[in-house]
Amino acid sequence: MNAPQIIRTSTGEELVVIPKADYEALLHAAEEAREEAADVAIYDERKAEFKTEKPLPAEVTMDILRGSSRAQGAAQLAQADAGRVR
């Protein structure tokens, strides 16, 4: 980035002059920061949603890890919710 030129107006206002390429780079960096902040907000929102969800029972998780289908896991979860865990 090149050194900025500072111009003082007759009213005392200071204006900063920078090359157009530097200005465009600043705009791009600001847009990237906005997008990143939006991504972080979405991540934080999703993470907060997980805190309110019930975790899967250990038996269901192990069956899924052993290769059972998610449908079978969902059926076991429904049984667990009904109080009939195998």
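This passage describes the fold, confidence, salt bridges and surface patches of a predicted protein model.

The model is a prediction, in which local features need pLDDT of at least 70 and side-chain atom pairs count only at pLDDT 80 or more, whereas totals for chains, interfaces and linings use all residues. Residues are numbered from 1 along each chain as its sequence is written, and side-chain values use heavy atoms, with hydrogens and water left out.

The secondary structure of the protein chain consists of three helices and two strands, where helices (H or I, at least four residues) and strands (E, at least two) are DSSP runs numbered from the N terminus. Along the sequence, these elements follow the pattern β-β-α-α-α. The mean pLDDT of the protein chain, pLDDT being the predictor's confidence in each residue on a scale from 0 to 100, is 85, and 90% of the residues score at least 70. Confidence is highest in strand β2, at 97, and lowest in helix α3 (residues 70–81), at a mean of 70. Where pLDDT is low, the predicted coordinates should not be read in detail. Of the 86 residues of the protein chain, 7% count as buried, a class that is defined by under 20% relative accessible area, with exposed meaning over 50% and partly exposed the range in between (1.4 Å probe, protein chains only).

The structure holds five salt bridges, a salt bridge being a side-chain nitrogen of Lys or Arg within 4 Å of a carboxyl oxygen of Asp or Glu. In general, side chains of opposite charge can pair when their charged atoms come close. One of the salt bridges joins the side chains of Arg8 and Glu14, with an N to O distance of 2.8 Å; Arg8 counts as exposed at 57% relative accessibility, while Glu14 is partly exposed at 46%.

Further salt bridges are found within helix α1. Lys20 pairs with Glu24, the closest N and O atoms being 3.9 Å apart, and these two residues of helix α1 are four residues apart, about one turn of the helix. Lys20 is exposed, with a relative accessible area of 61%, whereas Glu24 is partly exposed, with a value of 42%. The side chains of Glu31 and Arg34 also meet in a salt bridge, at 3.0 Å from N to O, and both residues lie in helix α1 with a spacing of three residues, again about one turn of the helix. Glu31 is partly exposed, with a relative accessible area of 34%, and Arg34 counts as exposed at 52% relative accessibility. In addition, Glu45, Arg46 and Glu49 are joined into one network by salt bridges that share partners.

Two surface patches were also identified. Patches are made of residues with over 30% relative accessible area and no salt bridge, like charges being joined within 9 Å and nonpolar side chains (Val, Leu, Ile, Met, Phe, Trp, Tyr) within 5 Å. Ile7, Leu15 and Val17 form a nonpolar patch with about 210 Å² of accessible area together, as calculated by the Shrake-Rupley method with a 1.4 Å probe, for which only the protein chains shown count as cover for residues. Within this patch, Val17 belongs to strand β2 (residues 14–17) and is partly exposed, with a relative accessible area of 37%. A patch of negative charge is made up of Glu32, Glu35, Glu36 and Asp39; here Lys and Arg count as positive and Asp and Glu as negative, without His and the chain ends, and the place of a charge is taken as NZ of Lys, CZ of Arg, CG of Asp or CD of Glu. Of these residues, Glu35 is located in helix α1 (residues 20–52) and is partly exposed, with a relative accessible area of 40%.

Toward the later helices, Ile64 lies in helix α2 (residues 58–65) and is partly exposed, with a relative accessible area of 30%. The C-alpha atoms of Ile64 and Ala74, which are ten residues apart along the chain, are separated by 9.8 Å.
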